[in-house]
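Take a look at the structure below and follow it step by step. The paragraphs after it go from the backbone to the surface and then to a pocket.

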Amino acid sequence: MSDDTNTAQAFAKLLAVVTELRERCPWDREQKLDDTPRHLIEEAYEAADAIARGDLSHGAEELGDVLAQCLFAGVILAEQSEFDIATVAQNAAEKLIRRHPHIYSDTRAETVERVLENWETIKQQERESKNDDGARSLAHVGRGLPSMMRAEKLGEKARRAGMDWANIREVLAKAREEIDEVEDALDRKDTAHAAEELGDLMLAIANAPRFINHNAEQTLRAACDKFVARFDQVAQIAASRGLDLKRMTPLEIDALWNEAKTDKM
């Protein structure tokens, strides 16, 4: 039996299970299409976390959960429209073929950058065919993504359109400018404007990692993990000395924080 046959059988079995659950399980029957995005996003993040940690076994399990959620959403979609799983899969295959002309046609693309350029050109052509004005816009970019990921994606798209910072130093300079504007708004007790400027600051910072070939989401995730580890160490030091963090001053906590940093070095 070929690998293709095994894969097709496994896919068919999963689809059959998902379909049967939709028909017979009280919880599955109650679900609406609007309920599916939350589960899709949750499973996708769990898969991403497992992969980022290098836990391939858990990653494979979570990817299976993502696939199951995709099929479940597809089953519900088919109940409400003409788009069944076969149509969804066929459309996805055709889109991939269309956007890879260097594989399925005679277009040349020998570098990653050229592949991305072709991809964006084809996407823009598809977009223009659907919109009468054919205007180039970033309005559609990453609207369903978490804000950090969307901010980075907007920067990448703007770069391909010809507008971007030249290097990370320029990004940091922009961040400093935004910090000054936040502080100015705070001095004027204009919290609404301060929040707006904080948003501009966060947008700039979200784009900084890509200038040093890093990913914004992974960079922030690593920082969160480091904070958790450092916090736990501070809490352990405090507990070993009979200290209560809630009763300590900021300076006392800062001293423990620096001690924890030193211990980790």
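A residue is called exposed when its relative accessible area is over 50%, and buried when that area is under 20%. The model shown here is a predicted one. With the cut-off in hand, begin at Asn-213. Its relative accessibility is 73%, so Asn-213 counts as exposed. Asn-213 sits in the loop between H10 and helix H11, which covers residues 216–240.

The backbone of this residue also deserves attention. Most residues other than glycine have a negative phi. Asn-213 is not a glycine, yet its phi is positive, at about 60°.

Where else does a residue other than glycine have a positive phi, near 55°? That residue is Lys-189. Lys-189 is found in the loop between H9 and helix H10, the latter spanning 191–207. Is Lys-189 buried or exposed? Its relative accessibility is 72%, and therefore Lys-189 counts as exposed.

Now step back into helix H9, which runs over residues 168–187 and contains Glu-178. Here the cut-off works in the other direction. Glu-178 has a relative accessibility of 4%, so it counts as buried. Which residues does Glu-178 touch, if those up to four places away in sequence are not counted? They are Glu-197, Asp-200 and Leu-201. Two of the names in this group, Glu-197 and Asp-200, can be found in the model alongside Glu-178 as its contacts.

Next comes the surface. Ile-97, Ile-103 and Tyr-104 together make a nonpolar surface patch of about 330 Å². One member of the patch, Tyr-104, belongs to helix H6, made of residues 101–104. Tyr-104 counts as exposed because its relative accessible area is 55%, and the limit for that word is over 50%.

The last stop is the largest pocket. Its volume is about 380 Å³. How many residues line the largest pocket? There are 13, and those nearest its centre are Ala-44, Tyr-45, Ala-48, Pro-146 and Met-149. Two elements, helix H3 (36–52) and H11, each give two or more residues to this lining. The largest share comes from H3, which supplies 5 residues. H11 has appeared before in this account, as the helix on one side of the loop that holds Asn-213.

Notes: Residues numbered from 1 in each chain as written. Predicted model: local features only at pLDDT ≥ 70, side-chain atom pairs only at ≥ 80, totals over all residues. Heavy atoms only, no water. Patch = residues over 30% accessible without salt bridge, like charges linked within 9 Å, V, L, I, M, F, W, Y side chains within 5 Å. Areas by Shrake-Rupley, 256 points an atom, 1.4 Å probe, with all protein chains shown as cover. Salt bridge = Lys/Arg side-chain N within 4 Å of Asp/Glu carboxyl O. Helix = DSSP H or I, 4+ residues; strand = E, 2+ residues; numbered from the N terminus. Buried < 20%, exposed > 50% of the residue type's maximum accessible area, 1.4 Å probe, protein only. Contact = heavy atoms within 4.5 Å. 1 Å grid on protein atoms, 1.4 Å probe; cavity = no way out; pocket = protein on both sides within 12 Å on 5 of 7 lines; lining within 4 Å. Points joined across faces, edges and corners; volume = space filled by probe spheres on them.
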